[in-house]
Amino acid sequence: MIQHPYLPQTEDEIKSMLETIGVSSIDDLFSDIAPSVLLQKELNLPKTKTEWEVYQELSHLAEKNRSAISFLGCGSYDHIIPSVVGRIMGLPMFYTSYTPYQAEISQGVLQAIFEFQSMICSITGMDVANASLYDGATAAVEAAAMAVNSSRNSDTILVSETVHPSTKAVLRTYFGDLGINIVEVPAEKGRSNFAAIRDALKSEVAAVLVQTPNIFGYLEDLTGLADAVHDNKSKLIVSSNPMSLGIARSQAEWNADIAVGDTQPFGLPSYFGGPSVGYIATREKLMRKLPGRIVGQTTDAEGKRAFVLTLQAREQHIKRERATSNICSNQALAALGTTIYLSLIGKQGLKEAGNLCLQKAHYLHDRLVKELGAEALSAEPFFNEFTLNIGSKTDDLIKALRSGGIYGGVRVENLDERYQGLVTIAVTEKRTKQEMDRYVDIAREVL
Amino acid sequence: MIQHPYLPQTEDEIKSMLETIGVSSIDDLFSDIAPSVLLQKELNLPKTKTEWEVYQELSHLAEKNRSAISFLGCGSYDHIIPSVVGRIMGLPMFYTSYTPYQAEISQGVLQAIFEFQSMICSITGMDVANASLYDGATAAVEAAAMAVNSSRNSDTILVSETVHPSTKAVLRTYFGDLGINIVEVPAEKGRSNFAAIRDALKSEVAAVLVQTPNIFGYLEDLTGLADAVHDNKSKLIVSSNPMSLGIARSQAEWNADIAVGDTQPFGLPSYFGGPSVGYIATREKLMRKLPGRIVGQTTDAEGKRAFVLTLQAREQHIKRERATSNICSNQALAALGTTIYLSLIGKQGLKEAGNLCLQKAHYLHDRLVKELGAEALSAEPFFNEFTLNIGSKTDDLIKALRSGGIYGGVRVENLDERYQGLVTIAVTEKRTKQEMDRYVDIAREVL
Amino acid sequence: GETQLIFERSVAGRRGFLFPENDVETKPIDNLIPENYRRNGETCLPEVSEVDVVRHFTELASRSFGVDAGFYPLGSCTMKYNPKVNEDIAALSGFTSLHPLQPSEDVQGILELMYKLTKGLCELTGMQWGTLQPFAGAHGEFTGMKLFKAYFKSRGEHDRRKILVPTSAHGTNPASAHISGFEVQEIEADHRGLVSIEDLKKHLDENLAGIMLTNPNTLGLFEKDIETIATLVHDAGGLLYYDGANLNAIMGKVRPGDMGFDVIHMNLHKTFSTPHGGGGPGAGPVLVSKRLVKFLPVPDVEKQGEAYDFCFAHPESIGRISGFYGNIGVLTRAYAFLLAMGSDGLTAASEMAVLNANYLRSRLKTSFSIPFEGICKHEFVLSAKNIKEEFGISALDVAKALLDAGIHPPTIYFPLIVPEALMIEPTESESKETLDRFVEVMESIAKQAAVDPQKLHDAPHQTPVRRVDEVQAAKHPIVAWRPE
Amino acid sequence: GETQLIFERSVAGRRGFLFPENDVETKPIDNLIPENYRRNGETCLPEVSEVDVVRHFTELASRSFGVDAGFYPLGSCTMKYNPKVNEDIAALSGFTSLHPLQPSEDVQGILELMYKLTKGLCELTGMQWGTLQPFAGAHGEFTGMKLFKAYFKSRGEHDRRKILVPTSAHGTNPASAHISGFEVQEIEADHRGLVSIEDLKKHLDENLAGIMLTNPNTLGLFEKDIETIATLVHDAGGLLYYDGANLNAIMGKVRPGDMGFDVIHMNLHKTFSTPHGGGGPGAGPVLVSKRLVKFLPVPDVEKQGEAYDFCFAHPESIGRISGFYGNIGVLTRAYAFLLAMGSDGLTAASEMAVLNANYLRSRLKTSFSIPFEGICKHEFVLSAKNIKEEFGISALDVAKALLDAGIHPPTIYFPLIVPEALMIEPTESESKETLDRFVEVMESIAKQAAVDPQKLHDAPHQTPVRRVDEVQAAKHPIVAWRPE
């Protein structure tokens with residue numbers, strides 16, 4: 001065995017340590033494992049490699065991936081990420097630390113989480129948020145679980161069709177075999193059918209889940225929905241791309257009970273879908289139903305302000321088999337990234353970024369729809385995404401754009417096969433007029 | 001004026017600060033500048049750009065540069081750089097700090113410099129080293145200045161022809177107009193002519209400067225040189241690529257008075273020539289002639305070990321117009337990189353890296369010289385560089401290799417036009433057999 | 001002392017980042033979004049400059065503790081060294097910039113990585129195939145429980161609803177089983193600290209779905225009877241779930257698959273050294289034996305000829321468990337670790353982890369109580385019972401005193417079955433000198449318990465804040481800053 | 001407390017990094033290098049693991065102070081914020097990997113950057129052309145002095161050997177002039193703190209080579225008579241050198257070239273925010289007026305059509321001043337700063353730097369002495385004379401007390417012409433709140449001088465080490481660790 005840089009023990013030290021223990025070999029330390037199960041061969045894996053070799057091999061894999069000017073969205077977006085975000089996330093005391101169990105030496109991590117919670121509360125308008133969940137889809141699951149666990153005799157979650165197909169799929173995985181019905185309420189032309197949702201509000205409905213901007217990019221008009229849901233003693237869960245909330249109505253303003261979503265647009269690279277951050281926020285009365293870590297403000301023995309993990313009675317390590325969520329590890333470092341991002345852009349920046357997305361998306365929309373005559377799935381308003389019904393020409397369009405160095409949009413049928421011929425196009429503040437004009441020029445040839 | 005992210009003052013604050021000062025406008029703060037010299041126009045520079053725009057523009061410039069498998073050396077080498085080096089150099093308290101004038105809050109920076117000095121002393125075998133100089137060429141200048149200032153009535157520096165041409169050029173710039181003669185002693189077949197050097201040792205000679213491995217890559221045999229130089233009451237300055245010193249004789253072992261060179265091979269990227277680190281080390285008796293910063297060990301008020309900038313009486317800010325060096329800023333952060341690199345590779349690693357360079361350089365040398373019959377400028381021994389006399393085919397060879405994705409070596413005529421047709425080929429531990437075989441295959445076609 | 005909240009640094013009008021100007025026509029926002037859809041309230045996001053943000057978070061970092069600061073023997077969390085090259089690799093733009101819905105021909109590199117990592121993990125654990133999607137260990141447990149469900153459903157065994165969990169198990173085990181729709185029954189430990197075979201036998205009936213085990217268990221002891229347990233459970237029609245939290249003890253030595261486990265999750269943020277990041281992101285891949293492969297979540301990564309692609313066509317799959325494909329940024333680091341260690345390095349890592357634990361255990365057993373005899377694996381449990389009874393010094397006091405020595409305390413009060421537990425996991429990254437210093441500090445704390453117990457009750461003394469009032473935090477929760 | 005030296009962490013046989021194995025035939029080293037050329041002695045390089053190295057240097061970083069930690073008003077050093085995007089830009093492999101001897105067609109990007117940066121600096125300073133090669137300010141001064149020499153040589157004026165330097169000048173000015181072969185004569189300041197025109201006139205003769213000035217000067221005062229000075233010096237046949245250390249005061253307001261300077265160096269690590277790195281690397285570009293262009297060092301960067309290339313063909317050039325082309329990695333950051341600020345941003349930076357300095361000066365003048373009246377530029381000099389005389393508290397005591405407040409002290413005891421000098425340069429990066437806190441701390445120190453002077457003599461109290469014994473260090477120099 002070579003002296004590996006990650007393994008400090010030298011031969012001499014190993015010898016001396018074995019002596020202290022009172023055994024004569026490393027093998028003796030594994031004598032409690034029956035020979036009948038002991039691995040009798042070497043693992044069929046390559047031998048150790050040096051740092052340089054590993055770096056070369058992984059660089060090679062990275063180079064095998066290709067990219068293009070991206071109009072892809074549907075849950076992951078190509079926004080500008082300030083350099084400070086990565087620099088701070090790379091500070092050793094942030095990324096090499098664990099869950100801040102020991103508050104006295106973890107004030108920095110705790111305070112950063114407290115700030116994250118505060119920002120999520122402010123953006124959603126809610127009272128209380130947790131330290132993060134895995135992603136937007138599992139955040140919706142946790143919200144649904146909160147709703148189910150807050151009401152008696154409920155066995156149904158109503159989900160508008162316009163919720164992200166993956167979110168619906170994950171809901172089905174989580175609840176499908178638990179006797180809880182995930183009932184999809186069909187949409188009309190890319191928008192939720194609120195009349196149908198109201199009609200479906202029966203006493204066994206624990207919650208209604210809607211998403212705005214929805215999977216097709218359109219903003220939903222939730223006027224009156226909360227009242228109807230609340231009259232039914234159900235909970236309203238609203239999922240939102242938080243980047244929209246600088247200019248679009250927040251979940252609290254729609255009078256939702258639980259706000260969820262994904263903060264990937266806030267300072268996190270797409271990274272093939274993860275890590276991102278699921279956020280969840282709710283009203284004070286549901287605070288003790290909230291899953292996951294929560295940081296609270298308190299004081300130390302000298303009366304100074306301090307932060308600490310709190311309300312732990314909710315959590316799996318205390319509740320064990322009575323727990324309603326099993327979350328333990330979360331997405332803390334990614335949540336830190338979001339916190340840094342939001343600190344940098346500030347209240348003005350959130351509005352500006354949202355407005356840039358909005359303006360640019362409308363520029364491309366208008367050129368494609370009004371100028372080229374492409375068919376929009378739905379009418380405005382939308383935020384930074386809209387959907388075209390390209391029909392049989394979808395293949396041609398997407399391929400022509402790709403040849404021109406452009407990812408033209410998400411073929412929604414890849415998320416749900418019912419949506420043949422639909423292409424959802426996302427435009428962020430990073431896209432330029434020149435890039436969009438190129439898009440239009442290529443599309444003109446195909447459409 | 002926009003509210004720039006690097007400029008925190010808001011309009012309100014500016015107003016309140018102006019009030020405190022007792023003036024009514026920013027312009028009032030510049031009223032001490034005569035209107036006749038005040039700039040009456042806006043600077044003819046582009047307006048402020050956002051971070052993203054700046055990043056795009058610089059990335060674009062970076063992409064305009066191209067690279068190839070490199071056998072270039074002659075003072076800058078393509079070695080493996082461990083990831084830890086960059087990660088640690090990027091810690092904010094290292095790179096955003098200044099010269100450690102305030103010892104009590106700068107123990108980390110001071111200790112790191114002390115460790116750098118210790119490592120340079122150990123590798124060169126010398127007693128004392130400073131905190132760094134600009135680069136290898138200017139280190140040779142500072143050594144020459146030490147020698148001149150240590151002896152009376154001396155006005156000559158003997159320089160072997162095999163010293164790096166740029167070093168010789170810089171020496172001429174520094175001393176050419178000061179009445180100090182930089183006398184080059186011609187080489188023979190790529191090696192110093194020591195007999196000629198001895199013959200040139202006159203009483204006015206302050207120092208003899210030689211380089212090993214020399215500019216052509218060959219190791220010089222300095223046996224007896226120091227005695228001859230010392231008999232003449234002159235100083236021997238030996239410049240060495242420090243990467244060679246794990247296996248080749250150190251300057252102290254050659255009995256030199258001053259050791260110089262450049263630590264670029266130790267953890268620093270080529271970066272188009274800089275930043276690198278000039279190192280200088282000498283005997284204890286010359287300690288107070290050493291230029292630049294020196295960190296010393298001492299104790300604090302409680303008797304604990306502490307480090308501090310010391311021997312400052314030597315420096316420009318004390319000596320002012322009597323100073324023999326004007327160095328102030330040095331290459332501290334790059335020297336930290338070298339210190340981290342040497343800490344990682346350790347005493348075994350230094351030998352191993354040297355041996356890998358040695359073995360690989362000989363592989364390519366033997367294939368080109370023994371197999372293809374190329375003409376070597378000199379006989380062995382060499383370290384990780386050697387020189388071929390390609391003559392009239394130089395252009396063809398270099399171009400053919402470049403077309404094959406290889407930088408075949410340095411055309412020495414680009415450093416000194418006397419060296420037409422000579423190509424110096426550097427091989428580091430990073431080059432693979434496959435790359436060298438490709439080199440040979442292409443060379444076979446041309447030669 | 002205190003640190004300002006970022007909100008408290010805010011000054012109206014200050015900017016920390018600017019977006020490029022709009023290069024298309026700017027229309028009145030009212031024309032694009034009707035009033036009814038528009039936000040009314042302001043957010044409280046801070047207005048600060050770039051240097052404000054940098055200094056704020058740099059200060060927060062300096063008020064935290066990580067592996068790079070020192071010894072972090074937090075039992076069951078495997079706080080090993082996070083290699084720096086992995087951070088450089090994970091930051092390659094060929095990985096970071098990938099959108100999850102790019103065409104598969106443009107993401108061959110990452111798909112190859114996912115495929116090869118899955119294969120490597122299977123070889124390491126002796127399993128057949130797996131999924132990399134679970135975001136964390138608990139998410140892996142949940143996935144595993146869903147696989148159990150799908151298995152029994154496919155067999156029509158709808159009454160198998162009972163999951164057995166040892167009393168010493170991590171809290172996530174019973175919680176995961178519960179939220180997946182199982183009933184949890186606890187199995188007791190015997191005098192050896194191992195699963196009581198006697199008690200186990202009592203629970204083997206037609207309602208048995210299976211058992212969740214960590215092996216070595218949370219006492220750091222290898223479940224010697226694992227073959228017997230596996231036979232008993234399998235014979236009773238149940239399945240075995242392996243909680244990979246303690247896999248760092250046995251790599252290259254014994255494989256969960258070979259021990260008879262049907263499903264396992266790994267914690268890549270433990271065993272494979274991906275940074276814990278203050279609580280996440282992690283990755284909890286789930287690997288299964290042959291008969292469970294068809295139930296794995298979608299999408300799956302497949303190799304067809306020389307090409308890699310996602311496959312959704314698994315009719316018996318439990319379905320999606322995440323919005324996209326999991327924490328890919330964690331997987332890149334884990335794959336780098338797999339390559340860097342290799343078969344020999346992984347084996348050596350476990351050997352050294354076990355050596356370090358036994359060395360510490362041998363040296364600490366004179367000053368503290370040891371609840372169970374014999375060799376341990378990669379961790380062990382110490383008890384402060386002796387100094388608690390004699391001097392009133394609790395495990396918590398010991399933990400807080402360690403803070404003053406610049407050492408992260410062990411996990412305390414877990415497992416629940418050991419009083420005043422201190423659960424110590426040194427990992428393989430730590431040198432003998434680090435362990436020796438820890439012993440020295442622990443011994444001096446034990447000595448101080450006799451001499452000056454109050455000093456220990458008042459600990460920590462040197463930290464940014466003193467002992468923190470948890471009761472107040474829970475009684476009067478303040479969980480978000482609000483503008484006054 | 002103390003920190004081990006990296007050598008003291010060494011354990012024989014431990015490894016922190018491994019090189020790939022040799023993939024060609026390994027020959028006995030004796031066959032390749034004869035014994036006579038071989039090293040005999042061992043080095044003392046440490047034998048440590050990767051985590052040892054990381055923890056060691058992470059600990060050292062935590063025992064240091066930088067701009068990211070807080071206020072750093074070190075006069076004349078312009079410790080402004082170092083933008084993070086510049087670090088990302090400087091780390092682009094399209095820059096870092098460039099070998100200095102690559103063919104110019106492969107390095108068009110970096111040559112373009114160098115060309116455009118030179119042009120931008122010329123516009124900013126009102127000069128004609130320049131060189132980016134000088135590694136630091138002092139190296140720039142040296143280059144400038146050599147340019148003076150070349151100029152006079154070209155005119156046959158060999159007797160012009162006298163350089164005038166104000167008494168308040170940085171030590172590098174006289175040192176640079178001296179090592180370049182000039183004789184230095186000091187010019188006195190008058191009651192205003194400005195160059196005494198009277199004294200200047202005494203030195204104007206046929207031996208005059210020129211004058212080196214910082215404007216604003218080291219007192220932070222603008223040399224109002226600069227036009228008169230320029231005319232006097234030029235009429236006497238001399239040249240004017242501008243030390244760019246204080247350029248941060250006047251960007252976009254007044255240009256050295258317009259004031260009559262012939263040569264200037266800039267400190268990019270000051271004015272252009274490139275990180276100081278604990279003492280370097282910096283960059284000290286030298287810019288010149290038209291008549292001095294032909295003497296600039298080689299190689300020069302030229303634009304020919306759309307292509308950029310180095311040019312060596314300058315027969316009157318002073319020659320090479322560095323091994324290659326200077327600190328290119330500093331230039332990439334500086335160019336990024338130039339673009340980020342732009343014409344309006346650079347002007348605003350100077351305006352805010354001057355605003356900040358005047359604000360601090362106005363607020364501090366009640367607690368400390370102010371040697372010169374009137375507005376200042378980007379920095380100013382305060383004197384602790386009042387508390388020194390009354391309570392025995394020196395500028396050094398004030399500096400050490402500031403350490404306990406987490407503030408880097410100003411430059412002290414410089415310029416030499418002010419007793420107990422505290423030279424304060426806030427820079428434009430600092431907010432009003434930071435300045436207000438500094439005032440608060442300074443005022444509390446002034447108050448404490450009266451109440452408890454001993455506490456100040458004993459300061460600092462909170463730092464990693466207490467006041468350090470400089471005398472011992474210089475008397476018994478220990479400048480390297482050696483194995484026992």
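How many residues do chain C and chain A each give to their contact? I looked this up before anything else. The contact takes 206 residues from chain C and 188 from chain A. Note to self: this is a predicted model.

**Chain C against chain A**

I pulled the buried area next: about 17,100 Å² between chain C and chain A, with 63% of it from carbon and sulfur atoms. I then asked which three residues of chain C supply more of its buried area than any other three. They are C:Phe19, C:Tyr37 and C:Arg39, and together they supply 5% of what chain C buries against chain A.

For charges, I get 15 salt bridges between chain C and chain A. I looked at the one from C:Arg15 to A:Glu352, where the closest N and O atoms sit 2.8 Å apart. The polar contacts across this interface come to 108 residue pairs, both partners at pLDDT 80 or more. Which element gives the most to the chain C side? I find helix H12 of chain C, residues 328–364, with 28 residues. By class, I have that side down as 102 nonpolar, 60 polar and 44 charged residues.

**Chain D against chain A**

I turned to the contact between chain D and chain A, with 18 residues from chain D and 17 from chain A. The buried area here is about 1,500 Å², and carbon and sulfur atoms give 62% of it.

How many salt bridges cross from chain D to chain A? I count two. A:Arg87 pairs with D:Asp88 in a salt bridge, closest N and O atoms 3.0 Å apart. I also have five residue pairs in polar contact between these chains, both at pLDDT 80 or more. On the chain D side, the elements giving two or more residues are helix H2 (50–62) and helix H3 (84–90). H3(D) gives the most, with four residues. The chain D side divides into eight nonpolar, four polar and six charged residues.

**Helix H7 of chain B**

Last lookup: why is H7(B), residues 165–175, largely enclosed by the rest of the structure? Because ten of its eleven residues are buried. My list runs B:Pro165, B:Ser166, B:Thr167, B:Lys168, B:Ala169, B:Val170, B:Leu171, B:Thr173, B:Tyr174 and B:Phe175. I checked what covers these buried residues: the cover includes helix H6 (136–150) and strands S3 (156–160), S4 (181–185) and S5 (205–211) of chain B. Helix H6 (137–154) of chain D is also part of the cover.

Definitions and conventions: Residues numbered from 1 in each chain as written. Chains lettered and ligands numbered in written order. Predicted model: local features only at pLDDT ≥ 70, side-chain atom pairs only at ≥ 80, totals over all residues. Heavy atoms only, no water. Contact = heavy atoms within 4.5 Å. Buried area = accessible area lost by both parts, 1.4 Å probe. Salt bridge = Lys/Arg side-chain N within 4 Å of Asp/Glu carboxyl O. Polar contact = N/O pair within 3.5 Å; in protein donor to acceptor, adjacent residues only side chain to side chain. Nonpolar A, V, L, I, M, F, W, Y, C, P; charged D, E, K, R; others polar. Buried < 20%, exposed > 50% of the residue type's maximum accessible area, 1.4 Å probe, protein only.
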